[in-house]
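Got your viewer open? Let's take a short walk through two spots, one stop at a time.

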Number of protein chains: 2
Amino acid sequence: MKTSIATVTLSGELPDKLEAIAKAGFDGVEIFENDFLAFDGSPSDVGRMARDLGLTITLFQPFRDFEGMPEGLRSRTFDRAERKFDVMQELGTGMVLVCSNVSPAALGGIDRAAADFRELGERAAKRGLKVGYEALAWGRFVNDHRDAWEIVRRADHQNVGLILDSFHSLSRKIDINSIRSIPKDKIFIVQLADAPLIDMDLLYWSRHFRNMPGEGDLPVTAFTEAIASTGYDGYFSLEIFNDQFRGGSTQAIAADGHRSLIYLADQVRRKVETPIGIAMPERAKVKGVGFVEFATSEDEADELIAILQALGFRKAAKHRSKKVSLFEQGEIRILVNVDTAGFANAAYAVHGTSAYALAIAVDDAQDAYNRALALDAEPFRQPVAEGELEFPVIRGVGGGLIYLIDDKSQLGRFSEIDFEVVATDPGTDAADAGLLRIDHIAQTVAYDEMLTWLLFYTSIFDTRKTPMVDIIDPSGVVRSQVVENESGALRLTMNGAENRRTLAGHFIAEKFGSGIQHLAFSTDDIFSTAASLRAKGFRPLHISPNYYDDIEARFGLGEDLTERLKAENILYDRDEHGEYFQLYSRTYGEGFFFEIVERRGYRGYGAANAIFRIAALKKQMRPEGVPKDAGISL
Amino acid sequence: MKTSIATVTLSGELPDKLEAIAKAGFDGVEIFENDFLAFDGSPSDVGRMARDLGLTITLFQPFRDFEGMPEGLRSRTFDRAERKFDVMQELGTGMVLVCSNVSPAALGGIDRAAADFRELGERAAKRGLKVGYEALAWGRFVNDHRDAWEIVRRADHQNVGLILDSFHSLSRKIDINSIRSIPKDKIFIVQLADAPLIDMDLLYWSRHFRNMPGEGDLPVTAFTEAIASTGYDGYFSLEIFNDQFRGGSTQAIAADGHRSLIYLADQVRRKVETPIGIAMPERAKVKGVGFVEFATSEDEADELIAILQALGFRKAAKHRSKKVSLFEQGEIRILVNVDTAGFANAAYAVHGTSAYALAIAVDDAQDAYNRALALDAEPFRQPVAEGELEFPVIRGVGGGLIYLIDDKSQLGRFSEIDFEVVATDPGTDAADAGLLRIDHIAQTVAYDEMLTWLLFYTSIFDTRKTPMVDIIDPSGVVRSQVVENESGALRLTMNGAENRRTLAGHFIAEKFGSGIQHLAFSTDDIFSTAASLRAKGFRPLHISPNYYDDIEARFGLGEDLTERLKAENILYDRDEHGEYFQLYSRTYGEGFFFEIVERRGYRGYGAANAIFRIAALKKQMRPEGVPKDAGISL
């Protein structure tokens, strides 16, 4: 796929944008006129900058309110076009985007518009330039690509073609099969944008809410398939208007854009015969979470280990060459790393005690790794001792690590190969608490990184994302969205914090970055687990009695069950599939905590309970030095 | 007006909310159920807290999915209601809000619903409680207050009445005259919310975008007039779901809410006979800006004065008792305060050199002051020397001062009474630059304060607000909205910065708060002013030549005019009323600057030019120590 992106998509000034675009791996760039006008350099300076960075200028855009103007205005419009042709020649770009007229002065009429384009094509041809016509979804007369195509067809000029934009076509729900009959040489360029499904005014939606293909809810893949079926193999260019992107990191947004196109091309090439897309393994099937690893110090490890033991974990093994202990319960493996060298120690130095790494068990770790790299994931390597395993590792949320393991290779046997079994400390309670598996891992990220990580996980792993849910923290709204796979073997809840007074925002601020904020373990008997935890000295999070009065009435629970839930501080929820029980630990450090859940068919994550749990966590943290308005989160 | 507010409107935990509500001056509070459930205290604890603060609990809300349930679910729904009645009695509140059913299980039918309410009314009556029914705009069968009223009418029970909510009625454009025939004793409570006019899904709009009456675009005043015409004199209660409010300052949002109700009541009592509203003077008619005062130090004053002189100002007078100089040109008066005591010095200590005060000339300063205080404005007083004027002063944006002056009293003669004329320094150029008046004053505020200050100005002064405009800063979006009066004597542009990398955000961060970021002066001959400024050594902001190529083509300007604009770095715009010319100074300190404008009939503020001007300001600031990504603003 030949990739391109419009400068309007990114924040920053023109030179920063071009640099970030080149660095992200794009082949081309659309110059958005205002970016050029605000830049204090000549068109040829801009052209040179782009060429020096190896970028083709795919398009100069937009040229507005062109076709169907009444005489008088018409000639001025052509003069204006000639001026832009001058700029384009200096820039060194061959194509201009003309978007459908929105002017109240415009007259309409397919033949009139076609005649205007024929003349513009003639003028462009004299300079070796091309004109692409795009139907805006809110164009005055032309707001459907089928009408734009009819105008281009009637203009019947070699230098006039069609520009298709996924947002304009999909937002109006225009049948995308209408694209399949357009000759590929008349599609001059394709612009792509996705958007979350919110029912609102098209222009407002387009100007503020667009996002990268795969980040939203529009059928951009089907749209691109329709285009690929024509044989089109030109540029696919991102043109995204988004408030977050305008305020975000130039480089990070550019990188997301590139990943979104690579991923899109991969999906399309699996469905239709097309030269777009590069060969890479399929999305990795996830079998489970291999382990979660904490970075900490000898000093701070004691408290963490005490909590793990209170949760029923036992120390099962220690690493052969590093100061890493392995704790186990059911299928759950937790590593505690107190090494004073290596990446874990560096992570500890920056973030304090934190769950900085996780292992994702897939069907083929090497395939997953290759796919991740093809999708611009950042690889990670560090020296490995003789005889120990070298894992394929990529960087994840907050710069933390994602180990890829499988049962195909020796990687799945890491606990035997890299670790040696230790005798159980006779002083500790040998009985576990019935915890079986990791149910889900909650990662807290800055709100403007949410889309980045949703795209990261869903493009590399065979997972889907759930719709976004607003979680009400007493100090603000936290946006929550889940990445999960069909089997439930991988469930990651992503919580995006907009302000630092929320529980999530406080965690990010205090931890100096995004990361794992809580781990949820599953049990198949929440009451027996609760009793066993109580015996081990585990202190659950205290939930307000008012909560229990409400759920008793709301769900029609028996008095008996309600009393048991209340006695154990267990939260309750129900969906059409079944029941859900949640038990929380108190917080540890700057807001890290554990959760224990029992699912009786239930498929959600207890979003309705979040407000009560957050209020309780905040209340509990306060006496331990957190100011009243500082907040804590999901 | 009996005022009330729902706890859901504010951020924070329940005790903080109640305190802020009492402090803002509300008479009552609606307890939003989730706030109560998350609170770790009994219903009677909550009731006591409210009573101790002098607050009546006006409503317990919401009770959902009640009416029209099929048998089986129906009896559970009544059980649920009885449980809530228990809570209400403990809380000490007499009324519950039942909102129209949204459940897929609901059956519909006006008579069925009426029967359900009759039974609920019977049950409530036994406990001395009342039930209010509200039509949600997205209710499954009942989504119109006229239908809800018909149900209440047929329920025909003394303890069952109607709850009207401005958002639910106005968002669906229901004829508000339908309210006038409802008997006042059947309107149990009125909820008020406004919202910006954005065409989107009703539920999404309601949950995220509501705001205080007068802050949005809905005809809330007409709605309230219709209610007042029934003779209703019960509680008017704010129920606002807004993402900004949920993350904002609890006290500031509560204060805004109280002001919005006082202002609303005042507007209504001027139109219909009603006991709601208190007597206060009319909105003040603004005649102009009396002066703008800078707080600075002896050291820093030199640079500021040099700029003023380069702009053609001359020192005209000095204060009789304070170190304050008066600079004049045309009708413009600028005060430079270097006093080492008093509020100006304190403002300088916190914010550095800044335009911390302005005087607004009104028809009657004392009336304006009285109105401002009735609308919860904060008065300001400091000692005044014998024989000098004591101004009515209120606190404005960023804690700065707003002096109120008029020609009725001696206040308008302050420059003679408090100041003495000084001889013009023979070394300075006596000729002015043709600056006539203050065209507008640009205040930069944190985005979440925008609504606060729009309401402040529009409620006290006879002004209107323009629709919000997005200004594209290279580092993010800045929201801009103007407060102006009919004559143009007062024009305040408010720029709300969401991130600190924008020019506006940088200003707030560096100045430690919101404030005046730029002053625009008017001339009636921009070219003659530019020439005269040039002669005085004024250095204009350099604008990219690319800009001029574009406006020449876009507006069809003559080559001659374009060359003159480019030579003088003058920006150009045009609307249906005429032409606009803008000349900018370079920035001073952390982003303060001056603008000179000529209006030839034009009524806007050059929003289309903002992106070019911001890019130029940022570029200019960079060499002077501002990091590339730090940004500067409007």
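Is the crossing of H5(B) and H6(B) left-handed or right-handed? Before you look, note that this is a predicted model, where local features need pLDDT of at least 70, side-chain atom pairs count only at pLDDT 80 or more, and totals for chains, interfaces and linings use all residues. Residues are numbered from 1 along each chain as its sequence is written, chains are lettered from A and ligands numbered from 1 in the order in which they are written, and side-chain values use heavy atoms, leaving out hydrogens and water.

**Stop one: two helices in chain B**

Select residues 110-126 of chain B for helix H5, then 145-155 for helix H6. (Helices are DSSP runs of H or I with at least four residues, strands are E runs of at least two, and both are numbered from the N terminus.) The two axes, lines fitted to C-alpha atoms over the stretch in contact, lie 8 Å apart at an angle of about 55°. That angle makes H5(B) oblique to H6(B), a label for whatever is not under 35 degrees, over 145 or 65 to 115. And the crossing is right-handed, meaning that the near helix is turned clockwise from the far one by less than a right angle.

**Stop two: a threonine in chain A**

Now pick Thr9(A), in the loop between strand S1 (2-6) and helix H1 (14-24). Thr9(A) counts as buried because its relative accessibility is 0% (buried means under 20%, with a 1.4 Å probe and protein chains only). Show distances from its side chain: the backbone oxygen of Leu238(A) is at 3.5 Å, and the backbone nitrogen of Ile240(A) is at 3.2 Å.

Note on methods. Buried means under 20% relative accessible area, exposed over 50%, partly exposed in between (1.4 Å probe, protein chains only). A polar contact is a pair of N or O atoms within 3.5 Å; within protein, one must be able to donate a hydrogen and the other to accept it, and residues adjacent in sequence count only if both atoms are side-chain atoms. Axes are lines fitted to C-alpha atoms, for helices over the stretch in contact, and angles run from 0 to 180 degrees between N-to-C directions.
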